[in-house]
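Thanks, everyone. Let's go through this one quickly, pockets to begin with, then the core.

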Amino acid sequence: MNLNREANFLEPEFQILYPLVATQQNISCWVARGIANLIRHKAARGEMCVLGLATGATPLAVYRELVRLHKCEGLSFNNVITFNLDEYYGLSRNDANSYWQFMHRHLFNHIDIKSENINIPDGSVGLDDIEEYCDSYEAKMASVGGIDVQLLGIGRTGHIGFNEPGASVFSGTHLVGLAEQTRKDAAVDFGGIKNVPTLAITMGIKTILNASKIVLLAWGAKKASILQKALEGPIGPMVPASYLQVHQNVSIFIDHKAASCLSSVTSDIKN
Ligand code: PGA
């Protein structure tokens, strides 16, 4: 993988990039530059750029670099519309653990995006209104032409967004139950597993696969085993991320530790 080449998210490709020497930081900066190039490319044509965004530890360095590009290199988010993948159900946007807070803390408070162009599922919608709300989230995405680039992390269950094992490939935005492993992984943030919500609103697999371009990031050994299943195993609902194998334009950026169970990497090292 050549991090000196400019990242270009305009050309379709399916690629798994696992640099032997580059760090999470280098790769994240490279991905951020790819996003910045797309934003500028669209701005020059008078077009909006629609980004699908993720939360969690994985994309943090990408957001840090996007903020730096805004502050130091004049990157404007004036023509950017964002849709977040998911939100815990039952949390209001004011809750410190809400993804609304997360996104504002790490990105939106530091850039010039218009607040009306930020879309994050509302975890406080009443149960009776959920279906209609989720349909409206989908309709809003469609009304702006769909997502240009969707950023993804991967959970240890193989989830993308909060689509846990068993997820349907035909699902749009919907209410889901969280897997026990996912709740355990979030327990530290919530001060114990008993405080972690059991439900979430998430874009569905179909929503994610509708994006023109998908960029999945993963760092560290704890993601190695599930990445092997997702990228080299059978495609199916038990590993929701495996559905990415059917998309024509996916870039998977992982560090060397996360790549350690991939057979292609193992043979690279042996050769
Ligand atoms: P993480 O979570 O970025 O905190 O590892 C990823 C995910 O659950 O999708």
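A word on classes before the pockets: Ala, Val, Leu, Ile, Met, Phe, Trp, Tyr, Cys and Pro count as nonpolar, Asp, Glu, Lys and Arg as charged, and the others, Gly among them, as polar. On that scheme, the lining of the second largest pocket splits into five nonpolar, six polar and three charged residues. Keep in mind that this is a predicted model.

That second largest pocket has a volume of about 170 Å³. Its lining numbers 14 residues, with Arg93, Trp100, Ile120, Pro121 and Asp122 nearest the centre. H3 and strand S5 (118-119) each give two or more residues to this lining.

Now the largest pocket. Its volume is about 860 Å³. There are 33 lining residues, and Thr55, Gly56, Ala57, Tyr99 and Asp185 lie nearest the centre. Which element gives the most to this lining? H5 does, with six residues. By class, we have 13 nonpolar, 13 polar and seven charged.

On to the core. The largest nonpolar core holds 48 residues, and Val31 and Leu66 touch the most other members. H1 supplies the largest share, eight residues. Leaving aside residues up to four places away in sequence, Val31 touches Phe9, Val62, Leu151, Val215, Leu217 and Phe253. A second, separate core has 41 residues, including Ala54, Tyr133, Ile205 and Ile208.

Last, helix H7, residues 224-232. Ala224, Ile226, Leu227, Ala230 and Leu231 are buried there. Down the H7 axis, these buried residues fall within an arc of 160 degrees, so they line one face of the helix. Their cover includes strand S1 (14-17), S9 and strand S10 (250-254).

Technical notes. Residues are numbered from 1 along each chain as its sequence is written. This is a predicted model: local features need pLDDT of at least 70, side-chain atom pairs count only at pLDDT 80 or more; totals for chains, interfaces and linings use all residues. Side-chain values use heavy atoms; hydrogens and water are left out. A nonpolar core is a set of buried Ala, Val, Leu, Ile, Met, Phe, Trp, Tyr and Cys residues joined through side-chain atoms within 4.5 Å. Buried means under 20% relative accessible area, exposed over 50%, partly exposed in between (1.4 Å probe, protein chains only). Helices (H or I, at least four residues) and strands (E, at least two) are DSSP runs, numbered from the N terminus. Contact means heavy atoms within 4.5 Å. The arc is that of the directions from the helix axis to the C-beta atoms. On a 1 Å grid over the protein atoms alone, a cavity is a set of points where a 1.4 Å probe fits but cannot get out, and a pocket is an open set with protein on both sides within 12 Å along at least five of seven lines; lining residues have an atom within 4 Å of a point. Grid points are joined across faces, edges and corners, and a volume is the space filled by probe spheres set on the points.
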